[in-house]
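Thank you all for making time this morning. I would like to walk you through one structure, slowly, and please keep the sequence beside you as we go.

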Amino acid sequence: MNVKQLDAVNAYSQASQNFQNLATSGDDGDVVKTGSAFADLVSDQIGQVREATATAEITSAQSLTGQADLVDVVTSVSNAELVVDTVVAVRDRVISAYNDILKMPI
């Protein structure tokens with residue numbers, strides 16, 4: 001298993017855990033549905049994209065001044081690319097599902 005697959009598994013695990021924490025936030029462990037759980041999940045994922053791209057930019061800038069190794073730059077850029085690709089894939093699936101719903105006969 002290479003680094004990208006491990007990152008994808010870790011990202012999925014974290015997103016799943018965040019979603020479960022949002023869904024089971026009741027006092028006695030009952031499932032509580034909040035109206036903004038999906039919005040919070042999307043917001044968290046967008047924040048992770050922003051953080052990953054910022055880290056890649058900072059590492060790239062540090063490499064220009066000799067403070068970061070080339071391996072660090074490649075790793076941070078690869079991680080940012082993976083996060084962006086994941087978000088784009090999820091976006092495409094959501095749009096596809098929305099289009100499928102629109103095509104349903106009423």
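In what order do the elements of the chain run from the N terminus on? They run α-α-α, and the chain holds three helices and zero strands. Please keep in mind that what you are looking at is a predicted model, so let me turn to confidence before any detail.

The mean pLDDT of the chain is 81, with 76% of its residues reaching 70 or more. That confidence is not spread evenly, since α3 has the highest mean, at 92, while α1 has the lowest, at 68. Where pLDDT is low, the predicted coordinates should not be read in detail, and I would ask you to carry that caution into what follows.

Next, the pocket. The largest pocket has a volume of about 830 Å³, and 27 residues line it, of which Ala 11, Gln 45, Gln 48, Thr 86 and Val 87 are the closest to its centre. Each of the three helices, α1 (3-23), α2 (37-64) and α3 (70-103), supplies at least two residues of that lining. Sorted by class, the lining is made up of 15 nonpolar, nine polar and three charged residues.

Now to burial and contacts across the chain. Of the 106 residues in the chain, 12% are buried. Among contacts between residues at least 6 apart in sequence, 44% join residues at least 24 apart.

One residue I would like to single out is Thr 59, which sits in helix α2. Is Thr 59 buried or exposed? Thr 59 counts as buried, because its relative accessibility is 10%, and the cut-off for that class is under 20%. If we set aside its neighbours within four places in sequence, Thr 59 is in contact with Ala 68, Asp 72, Val 73 and Ser 76.

Finally, a word on charge. Side chains of opposite charge can pair when their charged atoms come close. How many salt bridges does the count come to here? The count comes to one salt bridge, in which the side chains of Arg 91 and Asp 92 meet at 2.8 Å, N to O. As for their surroundings, Arg 91 counts as partly exposed because its relative accessibility is 45%, and Asp 92 is likewise partly exposed, with a relative accessible area of 39%.

That is where I will stop, and I am happy to go back to any of these points.

How values were computed: Residues numbered from 1 in each chain as written. Predicted model: local features only at pLDDT ≥ 70, side-chain atom pairs only at ≥ 80, totals over all residues. Heavy atoms only, no water. 1 Å grid on protein atoms, 1.4 Å probe; cavity = no way out; pocket = protein on both sides within 12 Å on 5 of 7 lines; lining within 4 Å. Points joined across faces, edges and corners; volume = space filled by probe spheres on them. Helix = DSSP H or I, 4+ residues; strand = E, 2+ residues; numbered from the N terminus. Nonpolar A, V, L, I, M, F, W, Y, C, P; charged D, E, K, R; others polar. Salt bridge = Lys/Arg side-chain N within 4 Å of Asp/Glu carboxyl O. Buried < 20%, exposed > 50% of the residue type's maximum accessible area, 1.4 Å probe, protein only. pLDDT = per-residue confidence, 0-100. Contact = heavy atoms within 4.5 Å.
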